[in-house]
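Visitor: I'd like to learn how to read a two-chain model, one feature at a time. Can we walk through one together?

Guide: Sure, let's put it on screen.

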Amino acid sequence: MSRNAKINTLLLLVVAALAVLPLALGLGDHKEEPFAGADAQAETAITELKPDYKPWFSPLYEPPSGEVESALFALQAALGAGVLAYYFGLRRGRRQGESRALAGAAGNGSPADDTQASGDSPADAAPAPGSVLRDDAPGRDAGDTAGRVSGPAGDRTGA
Amino acid sequence: MHIAEGYLPPVHAAAWSVAAAPFVIHGVRALNREVKAHPESTLLLGASGAFTFVLSALKIPSVTGSCSHPTGTGLGAILFRPPIMTVLGTITLLFQALLLAHGGLTTLGANAFSMAIVGPWAGYGVYRLLRRSGVPLMVSVFFGAFVADLSTYCVTSVQLALAFPDPSSGFLGALAKFGGIFAVTQIPLAVSEGLLTVLVMRLLIQSSKGELTRLGVLLSGGRGAKDATGTEGTTAATGAAGEQDGTKEAVAR
C-alpha cells in the first residue's frame, strides 16, 4: 500500500471510530431514547421552555413511516455518492487516457485527438443538467497534464 | 440537524428568511457567473454539492448520546468561495424540507442562514486566515471544514434561544440548553467532517490539479522545482494533519 493510500485509510478509520465509539461506550444509555436526533431533542426542549407553543406549520409531505424516511435519506446519500464517484472515475479515466496518449506521442506524434475523444464522450453524460461541459479548455488542459506528470513523482520523493 | 418545520414563531421565521435572501440571490449570481466563465468547473461544482448531499444525509451517533449530521459545506466554500456554497447548501436544505420532512419551508431561511451562509463564511474565513499565516494546506482545510460545521450548529442554537428564551434565565439560559443539544453533539461530527474534507481534498489534488490551481487552492507554480516543493509541502501537511487526528482521537476517548 502506498503512503497515500495508507493516510487515506487512516482518515477513514478515525472517522469510523468517532462514529462507533459513542455506541460502543454506551454513551446513550442514560437517555430515555438513546441516540435520538438532536432536532427531536430540540423540539422537546422547546416544549419545556414554552409549554403552550404549537408548531404553526406542518411539512407538506411527511414520509409515512420510519422505513420510508430512511429510504429517502439513503437515496439522498446514494445520489451524492454517485455523483462523487462519477467525478473521480471520470478524472481517473481521463488521466489514464492522457498518459496513454503521451506515451503514444513518442511513436506517432498526434496524441491530441485521442485524448480529447476519450475525455469528451463521458463528459456529455454529465449529471449537472443545462450546462455545456468543456473540460478541454486549452490552458487548463496543458496545466493539468504538466501537473500530473510531475505530481506522482513529487509525491514519492516527498515520502 | 435543522430546525423542524413550524418550530420558529412566524416573526422569527420571516426575519431569518429576509436575512438569508440577499445572500442566496448573490450566491445564485455568483454561481451563474462561475459557470459562464468556467464551464469546465461545472463538474467539480456538482461534486461539491454531492459532498454536501452525502454528509447531510448521514446521521451519526455522538458523545452526547444523540445523533446529528455533518453539513459538508466547508469543501465547497474553500473551493468556490462561500456565495456559491450558499446556493448548494440551500438546495440541499430544500430537498430535505420537501422530501424528508427534515428541516422545513418556514424554517428554511433560518436553516439556510446557519448552514449555507454562516457555516461557509466562517469556515472559509478560518481557512484563509490559516493559509495566510503559512499553515499547511491540509491543516487549514481541516479547520476550515471543522469550523464550518460547528459554527452552523452554534447559529442554530442562537436562533432557537432567541425565539425561546428561558422564562427564568433568559436568552443565555436557553442558549446553554440548545447549545448542549446541538453544539456539543456536533463537536466529534465536526472533527469527522474535517477529516472527510481533508480526504476528498487529497483525492482532488491527485485528480484535479489544474482545476485546484485555477481556483487558487494550489499555488500556481506548475513548473519545475517550484512544483516539486509544492507537492512536498502538501505531503508534509497531510502528515501533520494525520498526527493531529491521532491526538484528537485520544482526546475524544
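Visitor: Let me begin with a strand. Which residue does Ile60(B) stand opposite in β2(B)?

Guide: Before we start, keep in mind that this is a predicted model. In β2(B), the residue opposite Ile60(B) is Ser68(B). The two strands involved, β1(B) and β2(B), pair in the antiparallel sense, over two bridges.

Visitor: And what does β2(B) pair with in chain A, and in which sense, parallel or antiparallel?

Guide: β2(B), residues 66–68, pairs with β1(A) in the parallel sense, again over two bridges. To find one of the positions on screen, look for Ala36(A): its bridge partner in β2(B) is Ser66(B).

Visitor: In what order do the three strands sit in the sheet?

Guide: The order is β1(A)-β2(B)-β1(B), the sheet is open, and the pairing is mixed. The edge strands are β1 of chain A and β1 (60–61) of chain B, since each pairs on one side only.

Visitor: What does the rest of chain A look like? How many helices and strands does chain A have?

Guide: Chain A has five helices and one strand. Read from the N terminus, its elements go α-β-α-α-α-α. Of its 159 residues, 31% count as buried. As for contacts in chain A with a separation of 6 or more, 51% of them are between residues 24 or more positions apart.

Visitor: On to the interface. How many residues does each chain bring to the contact?

Guide: Chain A brings 77 residues and chain B brings 81. About 6,800 Å² is buried between the two chains, and carbon and sulfur atoms give 70% of that. If you want somewhere to zoom in, try Leu49(A), Gln76(A) and Tyr87(A): together they supply 11% of the area that chain A buries against chain B, more than any other three residues.

Visitor: How many residue pairs are in polar contact across the interface, and which elements of chain A touch chain B?

Guide: The rule finds 19 residue pairs in polar contact between chain A and chain B, counting pairs with both residues at pLDDT 80 or more. The elements that give two or more residues to chain A's side are α1 (3–24), β1 (36–37), α2 (38–49), α3 (66–108) and α5 (138–158). The largest share, 16 residues, comes from α3(A). Sorted by class, that side of chain A has 46 nonpolar, 15 polar and 16 charged residues.

Visitor: What about charged pairs? How many salt bridges cross the interface of chain A and chain B?

Guide: The general idea first: side chains of opposite charge can pair when their charged atoms come close. Here the rule finds three salt bridges across the interface, and the structure holds five over all chains. One of the crossing pairs joins Glu48(A) and Lys177(B), at 2.7 Å from N to O. That pair runs from helix α2 of chain A to helix α7 (residues 170–181) of chain B. Lys177(B) is partly exposed, with a relative accessible area of 29%. Another is Lys59(B) with Glu69(A), where the closest N and O atoms are 3.8 Å apart. The cut-off is 4 Å, so this pair still counts as a salt bridge.

Visitor: Which residues are linked in a network of salt bridges?

Guide: Glu34(B), Glu40(B) and Arg214(B) are. Arg214(B) meets Glu34(B) at 3.2 Å, N to O. Arg214(B) lies in helix α9 (residues 209–214) and Glu34(B) in helix α1 (residues 10–37) of chain B, so the pair ties together parts 180 residues apart in sequence. Arg214(B) also forms a salt bridge with Glu40(B), with closest N and O atoms 3.5 Å apart. Glu40(B) sits in the loop between α1 and α2 (42–55) of chain B, so that pair ties together parts 174 residues apart in sequence.

Visitor: Are those three residues buried or partly exposed?

Guide: Arg214(B) is partly exposed, with a relative accessible area of 28%. Glu34(B), at 14% relative accessibility, counts as buried. Glu40(B) is buried too, with a relative accessible area of 6%. The cut-off for buried is under 20%, which means that Glu34(B) falls inside it at 14%.

Key
Residues are numbered from 1 along each chain as its sequence is written. Chains are lettered from A and ligands numbered from 1 in the order in which they are written. Side-chain values use heavy atoms; hydrogens and water are left out. Contact means heavy atoms within 4.5 Å. Buried area is the accessible area (1.4 Å probe) that two parts lose on being put together, summed over both. A salt bridge is a side-chain nitrogen of Lys or Arg within 4 Å of a carboxyl oxygen of Asp or Glu. A polar contact is a pair of N or O atoms within 3.5 Å; within protein, one must be able to donate a hydrogen and the other to accept it, and residues adjacent in sequence count only if both atoms are side-chain atoms. Helices (H or I, at least four residues) and strands (E, at least two) are DSSP runs, numbered from the N terminus. Ala, Val, Leu, Ile, Met, Phe, Trp, Tyr, Cys and Pro count as nonpolar, Asp, Glu, Lys and Arg as charged, and the others, Gly among them, as polar. Buried means under 20% relative accessible area, exposed over 50%, partly exposed in between (1.4 Å probe, protein chains only).
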